[in-house]
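Visitor: Please take a close look at a single part of this structure, the nonpolar patch on its surface. I would like to know which elements build the patch, and then what the interior holds by way of comparison.

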Amino acid sequence: MLRKLIKHELRATGRIMLPMFAVVLLSSVLANLSSRVLLMSDNDFLGFLGVMLMSVFVLAILAMCIMAFILMIQRFYKSLLQDEGYVMLTLPVSVHQHVWSKLLCSLLWYVGAAAVAVLAIIIVSFDIEFAKQVARFFRDLVEMLPKLDMSALNIVLFAIEMLLFMLVGTAASCLEFYAALSAGHSFSGNK
């Protein structure tokens, strides 16, 4: 049943987040074109247009991050604590599964937003010389792997550990907001 709750939650939040991801990626392509063409021209209007496209890119990334945060709070509040919560809590599912579905969906959108932001920054800074340098770096890295000692393995394990800590920290942050909303909703006045 948890799988069905997550599926429902992903459908409800995907209607908002997927278009946001598309806007960020489209604005990153436009920002790349503006940095290559418009900002290099001598025309003041084209330079202004290039700056505006770069500003739209930055605002799109900020809007995506803020929307993921607002959506996390809004979906928990509306679907569990308001009128929709009456229907959701009549399902043959425990409250823990409701919270887990909200939490896992929020984590998925946060990770997706981070991945889209990194991809968008790569798209903005992409040029042929940069791609050649990245390919050369990965080729050298693959050639060095058999020659590495245990210290390199420790570095990789440390990086994995840091990623897991960031994921657990994000989950804890979501749970703090959920707890605050639940505690505030339990009082009859001043909700």
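Guide: In this predicted model, two helices, α4 (95-124) and α5 (128-144), each supply at least two residues of the nonpolar patch. The greatest contribution comes from α5, with 6 residues. The full set of patch residues is Val118, Ile122, Phe126, Ile128, Phe130, Val134, Phe137, Phe138 and Leu141, and together they make a nonpolar surface of about 790 Å².

Leu141 can serve as an example from this set. This leucine is found in helix α5. Its relative accessibility is 33%, so leucine 141 counts as partly exposed, a class that lies between buried, under 20%, and exposed, over 50%.

Turning to the interior, a search of the whole structure finds 1 cavity of 30 Å³ or more. The volume of the largest cavity is about 80 Å³. Its lining consists of 13 residues, and those nearest the centre are Thr13, Leu71, Met72, Ser106 and Trp109. By class, the lining has 8 nonpolar, 3 charged and 2 polar residues.

Helix α4 takes part here too: α1 (2-38), α2 (44-81) and α4 each supply at least two residues of the lining of the largest cavity. Among the contributors to this lining, α4 gives the most, with 5 residues. Helix α4 thus appears in both places, supplying at least two residues to the nonpolar patch and 5 residues to the cavity lining, while the patch itself receives the most from α5.

How values were computed:
Residues are numbered from 1 along each chain as its sequence is written. This is a predicted model: local features need pLDDT of at least 70, side-chain atom pairs count only at pLDDT 80 or more; totals for chains, interfaces and linings use all residues. Side-chain values use heavy atoms; hydrogens and water are left out. Patches are made of residues with over 30% relative accessible area and no salt bridge: like charges are joined within 9 Å, nonpolar side chains (Val, Leu, Ile, Met, Phe, Trp, Tyr) within 5 Å. Accessible areas come from the Shrake-Rupley method with a 1.4 Å probe; for residues, only the protein chains shown count as cover. A salt bridge is a side-chain nitrogen of Lys or Arg within 4 Å of a carboxyl oxygen of Asp or Glu. Helices (H or I, at least four residues) and strands (E, at least two) are DSSP runs, numbered from the N terminus. Buried means under 20% relative accessible area, exposed over 50%, partly exposed in between (1.4 Å probe, protein chains only). On a 1 Å grid over the protein atoms alone, a cavity is a set of points where a 1.4 Å probe fits but cannot get out, and a pocket is an open set with protein on both sides within 12 Å along at least five of seven lines; lining residues have an atom within 4 Å of a point. Grid points are joined across faces, edges and corners, and a volume is the space filled by probe spheres set on the points. Ala, Val, Leu, Ile, Met, Phe, Trp, Tyr, Cys and Pro count as nonpolar, Asp, Glu, Lys and Arg as charged, and the others, Gly among them, as polar.
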